[in-house]
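Visitor: I would like to go through this model with you, one question at a time. Please show it first.

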Amino acid sequence: MIQVFNGRSEPSPIGADISIALQPLPRLPILICYWKPEDGLESFLKVLVDSSAEDNLNIESIFILCVGLMRMFAKVADSHR
């Protein structure tokens, strides 16, 4: 999936174990941050959208796109277990 959206690994600005920058649409960069489970805590995923995103797309469309991407990633992950 990373290759489909021209993704690349990035250093995490918020201390995540894994951070991947994707650009699902031109001028709409997003950062997916993942924390692995540890010490009884569940894993955690956070999606960050660049501050310039709203200049290029309305907030409702950004939200729908991010939710759709996360659902797609979840389905792919479920099929590869």
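Visitor: Which strands and which helix each supply at least two residues of the lining of the largest pocket?

Guide: This is a predicted model, in which local features need pLDDT of at least 70, side-chain atom pairs count only at pLDDT 80 or more, and totals for chains, interfaces and linings use all residues. Residues are numbered from 1 along each chain as its sequence is written, and side-chain values use heavy atoms, with hydrogens and water left out. Helices (H or I, at least four residues) and strands (E, at least two) are DSSP runs, numbered from the N terminus. The elements that each give at least two lining residues are strand E2 (18-25), strand E3 (28-35) and helix H2 (59-79).

Visitor: What volume does the largest pocket have?

Guide: On a 1 Å grid over the protein atoms alone, a pocket is an open set of points where a 1.4 Å probe fits, with protein on both sides within 12 Å along at least five of seven lines; lining residues have an atom within 4 Å of a point. Grid points are joined across faces, edges and corners, and a volume is the space filled by probe spheres set on the points. For the largest pocket that gives about 350 Å³.

Visitor: Which residues of its lining are the closest to the centre of the largest pocket?

Guide: The lining has 12 residues. H2 gives the largest share, 4 residues. Closest to the centre are Ile 20, Ile 32, Tyr 34, Leu 45 and Phe 73.

Visitor: How do the lining residues of the largest pocket divide into nonpolar, polar and charged?

Guide: Ala, Val, Leu, Ile, Met, Phe, Trp, Tyr, Cys and Pro count as nonpolar, Asp, Glu, Lys and Arg as charged, and the others, Gly among them, as polar. No lining residue is polar and none is charged. The nonpolar count is 12.

Visitor: Is Leu 69 buried or exposed?

Guide: Leu 69 sits in helix H2. Buried means under 20% relative accessible area, exposed over 50%, partly exposed in between (1.4 Å probe, protein chains only). Leu 69 has 4%, so the word is buried.

Visitor: Which residues does Leu 69 touch, not counting those up to four places away in sequence?

Guide: Contact means heavy atoms within 4.5 Å. Leu 69 and Pro 24 are 45 residues apart in sequence, yet 8.8 Å apart in space, C-alpha to C-alpha. The residues that Leu 69 touches are Phe 5, Pro 24 and Ile 30.

Visitor: How many bridges join E3 to strand E4?

Guide: Two strands pair if DSSP finds at least two bridges between them. E2 and E3 run antiparallel, joined by 6 bridges. E3 and E4 (residues 44-49) also run antiparallel. Trp 35 has Phe 44 as its bridge partner in E4. The number of bridges from E3 to E4 is 6.

Visitor: Why is E3 largely enclosed by the rest of the structure?

Guide: E3 has 8 residues. The strand is largely enclosed because the number of them that are buried is 6.

Visitor: Which residue in the turn of the E2 and E3 hairpin has a positive phi?

Guide: The hairpin has 2 residues between its strands. Leu 25 has Leu 28 as its bridge partner in E3. The turn residue is not a glycine, yet its phi is about 65 degrees. Its relative accessibility is 58%, so it counts as exposed. The residue is Arg 27.

Visitor: What is the phi of Asp 39?

Guide: Asp 39 lies in the loop between E3 and E4. The residue is exposed, at 76% relative accessible area. Its phi is positive, though it is a residue other than glycine, and is near 45 degrees.
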